[in-house]
Amino acid sequence: MAVVVLASALLTGCARPAGSVAPGAAPAEEAVPGARSAKGPTHTAQPYRRWGLAAPLPAPESPPARRLRLPGGAPLPVVHRAPTRDKVVFLTYDDGAEKDPRFVDMVRELRLPVSMFLTDSVVGPGYGHFARLRSVGASIQNHTLDHAALRGLPYAGQRAEICGQQNKLRARFGIRPRLFRPPYGTYDSTTLRAAADCGITAVVLWRAAMEGDGGLTYAHGSGRLRAGDIVSVPSGEPAGLSLRERTTRLLREIQGRGLTVGRLEDYI
């Protein structure tokens, strides 16, 4: 039985890494051609500056005509990063605990193609917030009903957690997600079989993970961001930093590496 347990980046919740990236924000100024900003009467000048960036995010390269072939075997591929040389990384957010309306503004104004892996018991009555995020370009994916550690559970229990959330998301948004992230990054061959039976086409883990203080740790490989990396961002404000602030720090690190943000679903 294939068992994968992600190493050091895991604490209670989902990914919990360490390391840090510098803060600081600049005031809004006049508009600059080429800024990735949303149009609208309330979006005045240089939104990237409003969100603490010194320059606009470059537009990503055109995604592949078809999603890239993934490594792995039956029944499902398990990915920590997308096998691409495009200068993109992918921002993924777990659970759905933090529901800051200004994060919706951030995603809209910066046109961030974020992926939200939602847990029903964590989202609670807050699905309207994620409907707004989806309306500005975020994708909604599966992170189980109750955030149970799946590895070692019987097939029926794992299927109930995964298919149950598929059904919830279909009822809420009219979609059945293709991508699934197991809580804590732990799974076994039963997880893969149950996920496949629930309509999942890939299990998405991460190579880089962010701490509440904005630092990054890496599950394996080099200790810096590189093309194709999937980054997991935790929910909540454990160190007093909002999701917006943590995202700003992450975007600065991404820009410092000469990368930009891509849409995960275009590659997997």
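In this predicted model, Cys163 is buried, with a relative accessible area of 11%. Cys198 also counts as buried, because its relative accessibility is 2%, under the 20% limit. Cys163 and Cys198 form a disulfide, and their sulfur atoms lie 1.8 Å apart. The number of disulfides found is one. The torsion about the S-S bond of Cys163 and Cys198 is -105°, and the link is left-handed. Cys163 belongs to helix α5, whereas Cys198 sits in the loop between α6 (189-197) and β8 (202-204), so the pair ties together parts that are 35 residues apart in sequence.

The nonpolar cores come next. The largest nonpolar core holds 39 residues. Those that touch the most other members are Leu91, Leu112, Met116, Leu225, Leu250, Leu251 and Ile254. Helix α2 supplies the largest share of this core, with five residues. A second core, separate from it, has 27 residues. Among them are Phe117, Cys198, Ala202 and Val204. Cys198 thus appears in this second core and in the disulfide with Cys163. In soluble globular proteins, nonpolar side chains tend to be buried together.

Helix α4 spans residues 127-135, and its buried residues are Tyr127, His129, Phe130 and Leu133. Viewed down the axis of α4, these buried residues fall within an arc of 150°, so they line one face of the helix. Several elements pack against the buried residues of α4. The helices are α2 (101-110), α3 (120-123) and α5 (155-173). The strands are β4 (115-118) and β5 (139-142). Helix α5, one of these packing partners, is also the helix that carries Cys163. Gly137 follows α4 and has a positive phi, near 115°.

Strand β5 contains Ser139. Ser139 counts as buried because its relative accessibility is 11%, under the 20% limit. Its side chain makes a polar contact of 3.3 Å with the side chain of Ser115. Another polar contact, of 3.5 Å, joins the side chains of Ser139 and Gln141. With neighbours within four places in sequence set aside, Ser139 is in contact with Val114, Ser115, Met116 and Glu265. Of these contacts of Ser139, Met116 is also a member of the largest nonpolar core.

Strand β11 covers residues 230-233. Ile230 and Ser232 point one way from β11, while Val231 and Val233 point the other way. All of these residues are buried. Strand β3 (residues 88-95) runs parallel to β11, and four bridges join the two strands. Thr92 has Ser232 of β11 as its bridge partner. Strand β9 (residues 208-210) also pairs with β11 in the parallel sense, over two bridges. Here Ala208 stands opposite Val231. Thus β11 pairs with β3 and with β9.

Strand β3 also holds Asp94. Asp94 is buried, with a relative accessible area of 1%. The side chain of Asp94 makes a polar contact of 2.7 Å with the side chain of Arg181.

Conventions: Residues numbered from 1 in each chain as written. Predicted model: local features only at pLDDT ≥ 70, side-chain atom pairs only at ≥ 80, totals over all residues. Heavy atoms only, no water. Buried < 20%, exposed > 50% of the residue type's maximum accessible area, 1.4 Å probe, protein only. Arc of directions from axis to C-beta. Contact = heavy atoms within 4.5 Å. Pairing = 2+ DSSP bridges. Polar contact = N/O pair within 3.5 Å; in protein donor to acceptor, adjacent residues only side chain to side chain. Core = buried A, V, L, I, M, F, W, Y, C linked by side-chain atoms within 4.5 Å. Disulfide = S-S within 2.5 Å.
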